[in-house]
Amino acid sequence: MNGIEYLLSNINNINGIGTKTANLLKKKNINTIFDLLWNLPRDFIDRRHICKINELEVGKVQTLKILVKKYNFPRIRNLPNKVICEDQTGKIDCVFFNSYEGYIRKILPLNHEITISGKINFFNKRYQIVNPTHISTDENSIKKIHSKYSLSEGLNEKKYLKIINEVLKNLPDLDEWLSKDILKRFNNISWKNSIIKLHEPMNLNKKGDFLNRLIFDEILSNFLISSSIRRKIKKIKKIKKKFDNQPLNFVKKKINFKLTNDQLKAIDEINSDLKSDMKMFRLLQGDVGSGKTIVSLISCLNVIQSKFQSVFMAPTEILAKQHFQLAEKLFHKRIKVKLLTGKTENKEKKNIQKDLINGKIDLLIGTHSLFQEKIKYKNLGLIIIDEQHKFGVKQRKKLSDKAGKNCDVLVMSATPIPRTMIMTVYGDMDTSIIKSKPKDRKEIKTYSKNEKNLNQIIEFVKKQIHYGNQIFWVCPLIEESKKVDHQSSVKRYELLKKIFTNKVGLLHGGVEKFEKDKILNNFLNKKIDIIVSTTVIEVGIDFPNANVIVIENANKFGLSQLHQLRGRVGRGSKESFCILMFKSNLSDNAKKRINILKSSNDGFKISEEDMKLRGYGDLLGFKQSGIKNFRLADPILNEDLFLLAEKEIKRIEANKENLEKYFSLLKLYDRADILNDIA
């Protein structure tokens, strides 16, 4: 068994681990020897100092040398056995549950001086140690400092320390995967020695070369996979798309606003990819309302001019329908556009299937239905995936493969994230970013109001409805909770319904899809003026008359989520408002979040502040991205190592290095399965 095989082997292979212990470890998701290495110390215990009995501190683990004086073995079952011990300063009881008399006599012989260690208690006016963890006649075998681990119930500390020490003692020397220059930055410390140092008690919460090297390994393994996918896609030779500026000029004349410099730059980058003989695999990232959709539709028109078909996949039916209506309006009679969703009738579906294969449909817009087995394309040249940041690396790659070698892929995301996050989550793709917003789009004015001023907010809402405007009212919970003092959407709906009769709708996760679409359509068609909602408001849908959003308990949301919610209004040219309601006695952190949001409409700046305040794992939409699989690396705290890894990946790509050298690293960090998929 080589080193990698040993590390990835079942924990049952460790000496001293039986079925019972293995099952206890598996409860903590420790299935392999490598998993065991990542159950990191959470504290340490120092047993080096020998205390006198009169120096003991209750509740602490302490070491003392005692003389065994007397046994107390009760004849009544279930009562503990007790051994009375002493030193020159006092007495202490060693109490044993579930230990046999013979065993106790053996480890604590009468009139012998013994060194013991354990947690000190005080009972019946006397110190006691219950089930001492360490007992020996050799004090040097106990007088040590060792790491303390989080353990499953039923697994004792002494047993676990024996297991982890056995593994650390047998750690293999792996062939080095880091380049000499990179290794020099970490003072040439090996992976093996870094792991050993990680588990040493005196290194708890310490930083150093050992930790940085392991963090870098994690980041590099992530980037290597992204690089492999990029390289593989770049090798795919496709038919170049051939088009001129006619589609862009046509759209410019049809729209009533001027494209921003960021939009034009993104169009140029996408066009360059489309016209090359290498397959496009690109992320189009932009803040809420920055105009990504129009850029993507121009790309569709370019591809259609090249005699290819395009598809546009949205996450929901209502958003797909809105994209379809925009495309119909924009491309009226110029190209053939169709809509396909789960609600499309069977007869229409069959007609779409037939027209697609015959090349009579240029642009198909819809939901996941676009990639059902029955849907076949004559000459698919571009896939656009809207708001699919929940797609992982493997899913994106599979979709790209399924689309065929001549089909380019554009993924759109409206979640602004800092650069280190883009490198990690979307590292397999080239990136275009739209930061600026159209000039006619007014900034959303953001105010904070104490919930005591609810009547003032309602009066403001009445005025806005009088002017023909519409309102989103967001609450954190569906129903009242006695434990959490948040305003529920149901309760707020009941109150507003009394004030604004028949003009209020309620949306939450429990509302059936059909009913939800009906409410959103009623809102879109101005049949209702207010939607009371949890955070299920659809991302990206344009409600041009919605110019006010009220967010209750705003201090309970993250900055990125508040910014996304705020982006549901201000989609038209009207002055728009976001009102953040809060309770009294806000924490300093909550005050910071509210003040940042009030002072900025820049989603990228807000996401950076959000990461600093809340941590990368809580950023909106990225809990399922795979980034949470990092054991040590943090895009905020380790930005320098992320940038170093990016530089190293560029060097590896420029030198066209063979990835075999890194296969051990990829296997260890659970990425070999992805590598096999893309090989």
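Strand β11 (309-313) is mostly covered in this predicted model: 5 of its 5 residues are buried. In a regular strand, side chains alternate between the two faces of the sheet. Here both faces are covered, with Gln309, Val311 and Met313 buried on one side and Ser310 and Phe312 buried on the other.

What does β11 pair with? Strand β14 (residues 380-386) is one partner, joined in the parallel sense over 5 bridges. Strand β13 (363-366) also runs parallel to β11, with 4 bridges between them. Phe312 is a handy residue to look for, as it stands opposite Ile384 in β14 and also opposite Ile365 in β13.

Here are those strand pairings, along with one from another part of the model that we'll get to below.

| Strand pair | Sense | Bridges | Residues standing opposite |
|---|---|---|---|
| β11 and β14 | parallel | 5 bridges | Phe312 and Ile384 |
| β11 and β13 | parallel | 4 bridges | Phe312 and Ile365 |
| β18 and β20 | parallel | 4 bridges | Ile471 and Ile530 |

Now for a helix that touches β11. Helix α13 (residues 346-357) has 12 residues, which at 1.5 Å a residue should span 16 Å; its end C-alpha atoms are 17 Å apart, so the two agree. Which residues of α13 are buried? They are Lys349, Ile352, Asp355 and Leu356. Looking down the helix axis, you find the buried residues within an arc of 130°, so they line one face of α13. That buried set packs against β11, β12 (337-340) and β13. The face turned away carries the exposed residues Asn346, Lys347, Lys350 and Lys354. After α13 comes Gly359, with a positive phi near 75°.

Further along the chain there's an open sheet of 6 strands, paired in parallel and ordered β17-β22-β21-β18-β20-β19. Why do β17 (445-450) and β19 (504-507) each have one side without a neighbour in the sheet? They stand at the edges, each with a single partner strand, so that side is left free of a neighbouring strand. On average, neighbouring strands in this sheet are turned by 20° against each other, direction ignored. Within the sheet, β18 (residues 470-474) pairs with β20 (residues 530-533), and Ile471 stands opposite Ile530 there.

Two helices lie across strands of this sheet. Helix α16 (residues 454-466) crosses β17, β18, β20, β21 (546-551) and β22 (577-582), running at about 150° to β18. Helix α19 (residues 559-566) lies across β17, β18, β21 and β22, and runs at about 150° to β21.

Terms used:
Residues numbered from 1 in each chain as written. Predicted model: local features only at pLDDT ≥ 70, side-chain atom pairs only at ≥ 80, totals over all residues. Heavy atoms only, no water. Pairing = 2+ DSSP bridges. Axes fitted to C-alpha atoms, helices over the stretch in contact; angles between N-to-C directions. Contact = heavy atoms within 4.5 Å. Expected span 1.5 Å × (residues − 1). Buried < 20%, exposed > 50% of the residue type's maximum accessible area, 1.4 Å probe, protein only. Arc of directions from axis to C-beta.
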